[in-house]
Amino acid sequence: MNEIAAEATATTRFRLNGVEQVLRVAADARLIDLIRERFGLMATKAACRIGRCGSCLVLVDGKAINACLMMGWQLDGADIVTAEGLDALPEGRAVRAALMTEVAFQCGYCAPGFTVALTALFRRDPLAQEGAIRAALAGNLCRCTGYLSILRGAATARAALGGQRTDSVSCPHDQAAKENHHVDSRNRARRRAQHSGD
Amino acid sequence: MSEHRSISPHLLRARSLQQAADLAGDPGRDARFIAGATALQLECSRGAAPPACLVDVTALADLAGIAETEGGGIRIGAASRLAELERNAVLLRRWPLLIGTIAAIAAPGVRELATIGGNVATGTGCLIPTLLALSATVEVFDKGVAVSLPLRDYLGLRPDRGRLLMAVVLPPMPARHRVAHRKIGLRWGFTPSVIGAAGVLALDADDRIGDAWFAVGGGTTAPQLLDRAGAILRGQYVETVDWLALREALVDEIEAPSDRHRSASYRKMAAANALVAELGGAAAIEALCKAPAIKRFMPAAVARPAEIEVSRPALSDRWRLRPDIKDKVLGRLRYLTDHRQPDMLVARIVRADIPHARIVSIDVSAAEALPGVAAVVAASDIKGLNGYGIVLQDQPALCADKVRCVGDPVAAVAAVDDATAAQAVALIRVEYEALAVVDDPEAALAPGAPAVHAAGNLQRELRFARGSVDEAWNRCAHVIEDVYITPRQLHGFMETEGGYVVPEADGSLTVGVGGQHGARDRLQLSRILAMPQERIRVITSLTGGGFGGKDELTVQAPLALLALKAGKPVRIHLDRAESVVTGRKRNPMRIRMRTGCDAAGRLVAQEVDLLVDCGAYASLSPSVLETALEHACGPYEIANVRTRGRLAYTNNSICGAFRGFGANQMSYAVECQVARLADRVGIGPIEMRRINMRKPGTPGYLGQEVAPTDRLFEMLDAAGASDLWGKPRGPSDDRRTVVGVGMALSHQGNGLGSVVPDSGAAELALSSAGRIEAAYGLDEMGQGVVAIIQAAVAAAVGCDRDDIEPVVGDTARAPDSGSTSASRGTYVVWKGASLAGADFNRQLREAAGKLLRRPAEELRVAHGGISDARTNSDDLLISFRDLAARLAPDSLPRAACSFEFPKTDYRAGNARFIFAFAATLVRVAVDRATGQVRVLDLDQHTAAGPVLDPAGYLGQMEGGGVQGLGFTLSEDILLEQGRIVTDNFDSYMMPAIGDAPERARVFALEDLDDAFGPRGVGELGIGSVTPAIAAAIADAIGYWPTVTPISPEALLAAVSKLGPTP
């Protein structure tokens, strides 16, 4: 078995907010600690460190992932965007503007995590309705707002992104609707799964 | 309190099954397979040692991919992420049951990492019941060979670290089927599993059940395929299934454990009910549930008071953005715990891991000798008073001779980095001699109880009496007596306690730790450090949430001691568990209340016996006790009253200030009592309140003078006029829930009260950059005091809100305005602006007049500068910026004021003078299968004077409302023998977004018509949520819950038909 070189640290290559990084990191180094303490990017917050509050969400290859759960050995090749990097994405800009308009946050500590989660959602599904929004934000805790202002912010962001359709009104944006057909069908499937299937 | 490892685990990326199995199975190695690794942090946080070697199996081809099998089934590689499964078109189309199950596992961010293999191989995953019901098989690499076996058999195998799960294989779904899945949790959103249940019925063309599979599992419930229940259904027609009999069979067969959250019988009952409800639909649910005849209250028509709805659409012309919102949303805001500077040390605190003990010895020598450690402090390093506390100083900064609760600090270390600090903590030897633990307030007051403090465990006892209660009971036609229990709620601010202390070159100290009253923190630190207050600068803002939990000192003292000893800046940021264990909580209360009224509903007598758990130290608990008793009759006039309140020291987690401050707990009991008596009398809850409410202009509960303005009758009208009463109530169309509407009133005092010093101060100054700095020694914790400052000062001075630069939370830059608590901030800001604003306005005009050679009377303060008062033009004659630039620094306008908070002169007890008022209405749905409550509507009608900042007002009411929802339905810190067992967000259940009401509205009656300006609404939102929810539950199912958080078990018992007794 000695031919197997198990390593405690490894050279890891990843992108962080568009910049290529090459680092030697411990296998169990947490992404959140790298982001905050190695790169000084303080928007990503540590509030539970067990993946239960979403304050540390970052985009990894476009998906919102808890930086407290992701470890050094999982980073190689990843494209990571923190809250500081969201301005590069149109959905990120729309989400941020809408959350400001609605004064969606109070203490603001959870804000970067919510903006990352919503950006990931709207990249996938610009027409996301409230059910999908709540599902996408299931892992984000906020203690100040009771979430209602954040839901309003998400609805305002959807409107800004062109998805003003509601479930009962047909969508004027055919192209967007087509692109998101799979999402709708998935939502339908989910709803079906909760009822008796047939 | 996680211990950092000094040695990282080694990682091996397995290139073959054999290699992976050999490594993980090697008894000489502490190795384990790893894929998503999402459970690892959780296990380590719970105290498990991390493995020395991680064997990454995600690159193995045999564990990859999702592919349909020849037989029409599907093979899911074990390394497939749950999120991949959710996106898989075949699974979506053909196994929606599986997708629905996955959607209830963890949260989206976790599912991007977590794998199906990890979920199944742990044996506790929430997918297992569904996979069992789908008759899944698994492929396993075991002892050198790949084998296929039923999932159930795999789960029954003896654990073997070298056995590798390769894939889960699902057979095709039966051509015709009916399926069910339900994960029952501790709340609606992102919850650990209480129990999960799944069922699959295979149907023939005639809807006859060919086969049936039921399974449970998830979390602490062991996976179980329920053969007997399945066998019962075989051959039956769906239409004629005896659902009640099936429920009984399921309950009989399910094996489930009890824990601190839910009993075994609840798990069995809820799982069985859920399966039956999902499979059998409305008819089955009706078969399971009682159908009590409930007469649901409808209010008489009443005119709605002239409220506005507080929302952006309704108040678009008044809607302003708070000055810090942009930086917060962009993530640019540096919190005090984000502060870094060169040479900064990292601190850790050594804390007692035992609830009650004498300290025999503390040996810090090994820690001090550890390279990288800059300072270690213990009680012997304290030059001043080793005690603090806002009311009395009974809490040691560092324990010297005794610890009284888990988490009590005994020493602290500062080192070059966190890992070294953690190592040093592990090297500090504290020898304890354990003492008997006092873990219950009742037991604490029993004769012979071990003394938590030398003076005894009765921290405080307060009594009040009026009239003749004993004799008055004879005149009561109806009497209700009950005991109301309230939880030990966690503040749950997202930013845990922390910050930094810098020893400055001049010998002074800068303390940057989130707080709620910098001047008082400075006073307390000065006593401990024996250092003059003038040499301590305390920065307390901005902080990431307070809710009362940062009112008392947190980590300031050990941090300051370390910084002084090391001579270097030191920072600390508590991790969540350390914050939960050591932070103060809401005082749990046991309220025995006996209330009587005459035949017409007029309240005659009220007796209250209140027992409050103080925890190990007093902090603000004595004031909480007093405030609770101040609300013992709510806003109602009761001639005969007797109250007793006792506050007991225990070795439980320390309690203290928390939004509502005792009033919301007592309001829960009072409002329930009044509504329950209304039922007895046969009048509605609104009428009952109307005939008993204190009239405006009459004395307050204690006989004290109160502000002449009262808006409770208007709030009652608002409640009566609410459209919620007319929304659907009773059993829902699908029969899954029963819906009810409830209301409650609250009145929340503003300010610290009549016997506590309570003053405010403000300073307005034109800065050399031309900004109008409005300095208040208040704290911005998120509640929006900075927006209130902009609004109030702009209105008083005449400038625009954006001209104002709020300066808060810094003893060097702002005067002592008192604490940011007790809903007092809004009044303090408004009063300060009113007093200093006119003077400042005059100074601005005079300064401008001198430069412009115009009399000040001809000038007007406008948006951005000074304009001509004789025209209607907003054109500026001079901007603030130009004005400042042309004035000498010592002639820049500056105005200051200080004042007393409005008070009553009642001195026999602490009494409030000004109040804010609210009526809360909620509409809830009680799940008839599980007893869980979902809040559908939350309407809050308020009267707190003019709304200075609509967004802030709305936010405070909504945030308070949902925090109250958590208090009522899901939140409680659980302890076992003084040890907290719910120390992070995996077990402590604050509302998640799935728990937020479906709809919420906030209304405001702005006209208060008195001289006391706008009231604060920091606490108003939480004031009456609990009794409103209780009333709505009673409206739905006829049962009044008296224990909070409200137990789904109790509600389930109330709605279920009981099965035949075995």
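This tour moves through chain A and then chain B of a predicted model, one selection at a time.

**Chain A as a whole**

Select chain A. Its secondary structure comes to 7 helices and 5 strands. Colour by secondary structure and step along the sequence: the pattern reads β-β-α-β-β-β-α-α-α-α-α-α. Of the 198 residues in chain A, 63% count as buried. Switch on the surface, and about 7100 Å² of chain A is exposed, with carbon and sulfur atoms supplying 49% of it. For contacts in chain A with a sequence separation of 6 or more, 56% come from residues 24 or more positions apart.

**Tyr147 in chain A**

Next, select Tyr147(A). This residue sits in the loop between helix H4 (130-136) and helix H5 (148-160) of chain A. Check its backbone: phi of Tyr147(A) is near 75°, a positive value in a residue other than glycine. Is Tyr147(A) buried or exposed? Its relative accessibility is 1%, so Tyr147(A) counts as buried.

**Chain B as a whole**

Now select chain B, which has 30 helices and 44 strands. Its C-alpha trace spans about 95 × 80 × 70 Å along the principal axes. The radius of gyration of chain B is 32 Å, which agrees with the value near 31 Å that a compact globule of 1062 residues would have. Buried residues account for 64% of the chain B total of 1062. The accessible surface of chain B is about 36000 Å², and 51% of that belongs to carbon and sulfur atoms.

Two further whole-chain values can be noted before zooming in. Taking contacts in chain B between residues at least 6 apart in sequence, 76% join residues at least 24 apart. Chain B carries 113 positive and 124 negative charges, and the mean positions of the two sets are 0 Å apart.

**Ala106 in chain B**

Select Ala106(B), in the loop between helix H5 (96-103) and helix H6 (108-111) of chain B. Although Ala106(B) is not a glycine, its phi is positive, at about 45°. The relative accessibility of Ala106(B) is 16%; buried means under 20%, so the residue falls in that class.

**A cis bond at Ser541 and Leu542**

Move to Ser541(B) and Leu542(B), which are joined by a cis peptide bond with omega of about -5°. Leu542(B) lies in the loop between strand E24 (536-539) and helix H19 (556-566) of chain B.

**Helix H22 and the glycine after it**

Select residues 663-681 of chain B to show helix H22. H22(B) has 19 residues and reaches 26 Å from its first C-alpha to its last, close to the expected 27 Å. How many residues of H22(B) are buried? The count is 17 of its 19 residues, and the helix is mostly covered. Extend the selection to Gly682(B), which follows H22(B) and has a positive phi near 95°.

**Helix H29 and the loop beyond**

Go on to helix H29 (1025-1037) of chain B. H29(B) has 13 residues and reaches 18 Å between its end C-alpha atoms, close to the 18 Å expected. In H29(B), 13 of its 13 residues are buried. Just after H29(B) comes Gly1038(B), with a positive phi of about 80°.

The last stop is Pro1045(B), in the loop between H29 and helix H30 (1048-1055) of chain B. Select Thr1044(B) with it: the peptide bond from Thr1044(B) to Pro1045(B) is cis, with omega near -5°.

How values were computed. Residues numbered from 1 in each chain as written. Chains lettered and ligands numbered in written order. Predicted model: local features only at pLDDT ≥ 70, side-chain atom pairs only at ≥ 80, totals over all residues. Heavy atoms only, no water. Helix = DSSP H or I, 4+ residues; strand = E, 2+ residues; numbered from the N terminus. Rg over C-alpha atoms; globule rule 2.2 N^0.38 Å. Buried < 20%, exposed > 50% of the residue type's maximum accessible area, 1.4 Å probe, protein only. Contact = heavy atoms within 4.5 Å. Areas by Shrake-Rupley, 256 points an atom, 1.4 Å probe, with all protein chains shown as cover. Lys, Arg positive; Asp, Glu negative; His and termini not counted. Charge placed at Lys NZ, Arg CZ, Asp CG, Glu CD. Expected span 1.5 Å × (residues − 1).
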